[in-house]
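Subject: The structure you asked about

Hi there,

Here is the structure I promised to send over. Please have a look at it first, and then read on for what I found.

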Amino acid sequence: MARDRIPIAKPMLGAEELAALQGPIESGWVTQGPEVAAFEKEFAACVGTPHACAVANCTAALHLALLVVGVKPGDEVITVSHSYIATANAIRYCGATPVFVDIDPATYNMDPALVEAAISDHTRAILCVHQMGMPCDLNALVPLAQRNHLPLIEDGACASGSEIQVDGTWDRIGKPHGDICCFSFHPRKVITTGDGGMLTTGNPAWDARFRLLRQHGMSIPDTARHGARQVMVEASTGLGYNYRMTDLQAAVGRAQLRRLPEIIAERRRLAARYHAALEAIAGVYPPHEPDWARSNWQSYAVRLDEGIDQRKLMQHMLDAGIATKTGIMNAHREPCMADHKLRFPLPHSEAAQDHGILLPLYPGLTDEQQDYVVKNLENGS
Ligand SMILES: *Cc1c(COP(=O)(O)O)cnc(C)c1O
């Protein structure tokens, strides 16, 4: 019997998203207008932040976050190599140098114990990553950043809806813990607008700067000009960018946001099923969720014993019609960073890439399909 390939991820889109497009198409207002403003308001309420600013994608969000906290050519930003290349690239867009520290192999996130040794006279910011939706240890990183008078930027690209326990209460990532958090709505993330990004902050001055920079530094937003009874002429106040989100994207985003609780509940149910099933398989270890974190399980990374051949296992799975991926890339190993000089060894980051595989996990993956994935993981390892 021919089986459809089981993909690694699949966005949950349907009639609601399709219907949401009708409004902006009929109104003719299709970029950075009322749908974007409404999406920002609803996203802000969802994560518990006073300010949310929508942009074209998370890479743009990271670039603006770094610019606004003052990262300049020659500066250093402490981050992890174990991330999608966008994290390091945003630092390089500012003319700054990423200084990579290793991850905690249990959570795949920045090890707070390694950060202080990486701080130099040139350090301008710390950029942590809530990798694969697992919250970073903000309870350690926030006071560390404050103690050293450094802004903390969170790459929450994968972390829409993830939660962390702070002072005894569960908060969503994006509530101001660090100084700025950046989200992605790429189809590989838990909610999608095709492409899209969001910046959240508690700082109104920074939010105002994001709004200028995302539209060429223009002094008057289109939403204000269109409603005005008097002629308003805008001016470009400084070098800015075209980092706008469209109203078509925002309309889809609003529909996706309404589904977020349902999406996360299903992802967590599937993760728990993997977790239970993997316990019986030798040499294969499920990811760890600290008791202060609730991941949205944007990705589910399994760790393999060194004796298991990662590529052979992935090929075995692919032959069975199951897509997998290696562990998260290490930016410093990519050809685009060939001339980068590491300041610290990154054994855990490299091992996570070389001895990990990501398994299919998305709403719509049936229990039967998931059992089939587990069976093939067992046979192939
Ligand atoms: C996906 C991702 C990004 C980039 O997001 P885009 O919206 O595609 O620009 C940045 N950082 C991490 C950790 C990601 O996973």
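Before the first number, a word on a term: buried area is the accessible area, taken with a 1.4 Å probe, that two parts lose on being put together, summed over both. Please also keep in mind that this is a predicted model.

**The two domains**

The domain assignment splits the protein chain into domain 1 (15-257) and domain 2 (259-380). Their contact takes 47 residues from domain 1 and 41 residues from domain 2. The C-alpha centres of domain 1 and domain 2 lie 25 Å apart. Between domain 1 and domain 2, the buried area is about 3800 Å², and carbon and sulfur atoms give 59% of that area.

Polar links are there as well. Between domain 1 and domain 2 I count 24 residue pairs in polar contact, with both residues at pLDDT 80 or more. On the side of domain 1 that touches domain 2, the elements giving two or more residues are helix 1 (15-20), helix 5 (85-93), strand 3 (97-101), strand 8 (163-166) and helix 9 (247-278). Strand 3 gives the most to that side, with five residues. By type, the residues on that side of domain 1 are 26 nonpolar, twelve polar and nine charged.

**Salt bridges**

Side chains of opposite charge can pair when their charged atoms come close. The count for the model comes to 21 salt bridges, and the count between domain 1 and domain 2 is four. You may like to look at Glu 17 and Arg 259, whose side chains meet in a salt bridge at 2.8 Å, N to O.

Another salt bridge joins the side chains of Arg 211 and Glu 40, at 3.1 Å, N to O. This pair links distant parts of the chain: Arg 211 sits in helix 7 (residues 204-213) and Glu 40 in helix 3 (residues 34-47), 171 residues apart.

**Around the ligand**

Which of the 14 residues around the ligand come nearest? They are Cys 58, Thr 59, Asp 155, Ser 184 and Lys 189. A polar side-chain atom of Thr 59 lies 2.5 Å from an oxygen atom of the ligand. For Ser 184, a polar side-chain atom is 2.7 Å from a ligand oxygen atom. Asp 155 has a side-chain N or O atom 2.7 Å from a nitrogen atom of the ligand.

Happy browsing, and best wishes!

Methods:
Residues are numbered from 1 along each chain as its sequence is written. This is a predicted model: local features need pLDDT of at least 70, side-chain atom pairs count only at pLDDT 80 or more; totals for chains, interfaces and linings use all residues. Side-chain values use heavy atoms; hydrogens and water are left out. Domain bounds come from an automatic or database domain assignment. Contact means heavy atoms within 4.5 Å. A polar contact is a pair of N or O atoms within 3.5 Å; within protein, one must be able to donate a hydrogen and the other to accept it, and residues adjacent in sequence count only if both atoms are side-chain atoms. Helices (H or I, at least four residues) and strands (E, at least two) are DSSP runs, numbered from the N terminus. Ala, Val, Leu, Ile, Met, Phe, Trp, Tyr, Cys and Pro count as nonpolar, Asp, Glu, Lys and Arg as charged, and the others, Gly among them, as polar. A residue is near a molecule or strand if one of its heavy atoms lies within 4 Å of it.
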